[in-house]
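The following exercises concern the internal cavities of a protein model and the surroundings of its ligand. Please work through each task before reading its solution.

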Amino acid sequence: MSDTSHHGNGHDQSAEKPKTFEVRILRQNGPGEPSYWERHRVAYEPDMNVISVLQRIAAQASTVEGKKVAPVAWDCNCLEEVCGACTMVINGRVRQSCSALVDRLLDDHPSEIELQPMTKFPVVRDLMVDRSRLFRSLQRVKAWIPVDGYYDLGPGPRQSPESQERAYPLSQCMSCGCCLDACPQFTKVELIRHEGESEEAYQSRKNAAYDSSFVGPHAISQAVLFNAHPTGAMNAKERTDALMEEGGLQICGNAQNCVAVCPKSIPLTTSIAQAGRAATVRMFQRWFDR
Ligand code: SF4
Ligand code: SF4
Ligand code: FES
């Protein structure tokens with residue numbers, strides 16, 4: 001749940017706030033480069049979020065010691081906790097920077113905010129990470145409704161209101177990666193491009209490494225979502241088969257960290273249990289099909 005919904009306009013502005021505050025940022029100049037901490041000082045204004053702090057830091061382009069530095073790089077898009085692009089680790093917690101309100105952060109940690117890139121994805125630069133593995137996982141489980149063509153096929157099968165109600169929470173996933181960053185079974189996979197390696201060869205090496213690693217709770221939940229859809233159900237076997245391959249469901253140790261950090265409160269462990277039951281049924285089907 002975002003701070004916006006809890007603390008937006010109703011936040012207690014009377015609490016004493018500093019004139020300035022420090023921002024400690026874990027920076028990295030490029031993929032595979034060493035990381036280093038850097039301190040910036042920002043003038044306090046009411047109702048700032050972490051994105052507006054980063055904008056001030058980019059405009060200043062100098063550290064707390066007065067050293068001129070390249071602007072800090074970060075990703076963002078929607079600015080309303082819908083796209084998932086601005087995810088980073090803020091004061092030790094993975095979350096969206098657009099909905100992380102400075103007033104709240106300073107209440108918890110007066111005078112300093114700490115920003116780090118997500119820990120399970122390769123850093124592109126500073127706070128920007130490469131989340132392509134997250135999208136590759138969605139491809140692995142075919143997290144979409146297939147269409148035969150773009151001509152009018154008429155109305156599809158009807159979905160009951162009960163089934164729509166169960167599906168809606170799962171459909172809110174914004175591919176932010178918080179659940180993956182928090183999951184102890186989702187370990188970082190980082191491949192550096194070899195000298196002279198073509199883009200194509202690099203991509204296929206990356207995809208092979210991703211495909212043998214844990215698919216992640218977001219993809220398991222999306223497989224459950226599309227398997228429950230009347231049209232999507234036509235490919236349910238393929239999705240369940242994908243979840244039974246190397247790096248599939250069986251890797252989940254049920255630590256429940258994923259569900260605790262999901263900003264959309266998606267019932268990930270319920271989805272994982274449901275996918276587990278579907279996998280058991282599928283295993284028996286496969287035996288009898290032999
Ligand atoms: S329940 Fe499974 S997917 Fe979720 S954090 Fe734990 S190991 Fe990861
Ligand atoms: S399941 Fe939740 S935490 Fe995971 S990617 Fe989707 S919205 Fe983010
Ligand atoms: S910018 Fe889209 S979720 Fe933050």
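**Exercise 1.** State the volume of the largest cavity and characterise its lining.

*Solution.* Step 1: the largest cavity has a volume of about 120 Å³. A cavity is a set of points on a 1 Å grid over the protein atoms alone where a 1.4 Å probe fits but cannot get out, and lining residues have an atom within 4 Å of a point. Points are joined across faces, edges and corners, and the volume is the space filled by probe spheres set on them.

Step 2: 14 residues line the largest cavity, and Cys173, Cys179, His218, Cys262 and Ile266 are the closest to its centre. This is a predicted model, in which local features need pLDDT of at least 70, side-chain atom pairs count only at pLDDT 80 or more, and totals for linings use all residues. Residues are numbered from 1 along each chain, and ligands from 1 in the order in which they are written.

Step 3: the lining divides into 8 nonpolar, 5 polar and 1 charged.

**Exercise 2.** Which cavity holds ligand 1, and which residues surround the ligand?

*Solution.* Step 1: ligand 1 sits in the second largest cavity, meaning that more than half of its atoms lie within 2 Å of the grid points.

Step 2: about 100 Å³ of space lies in the second largest cavity. Cys183, Cys252, Ala255, Gln256 and Cys258 are the closest to its centre among 14 lining residues.

Step 3: ligand 1 is surrounded by 13 residues, each with a heavy atom within 4 Å. The closest to the ligand are Cys183, Cys252, Ala255, Gln256 and Cys258.

How values were computed
Heavy atoms only, no water. 1 Å grid on protein atoms, 1.4 Å probe; cavity = no way out; pocket = protein on both sides within 12 Å on 5 of 7 lines; lining within 4 Å. Nonpolar A, V, L, I, M, F, W, Y, C, P; charged D, E, K, R; others polar.
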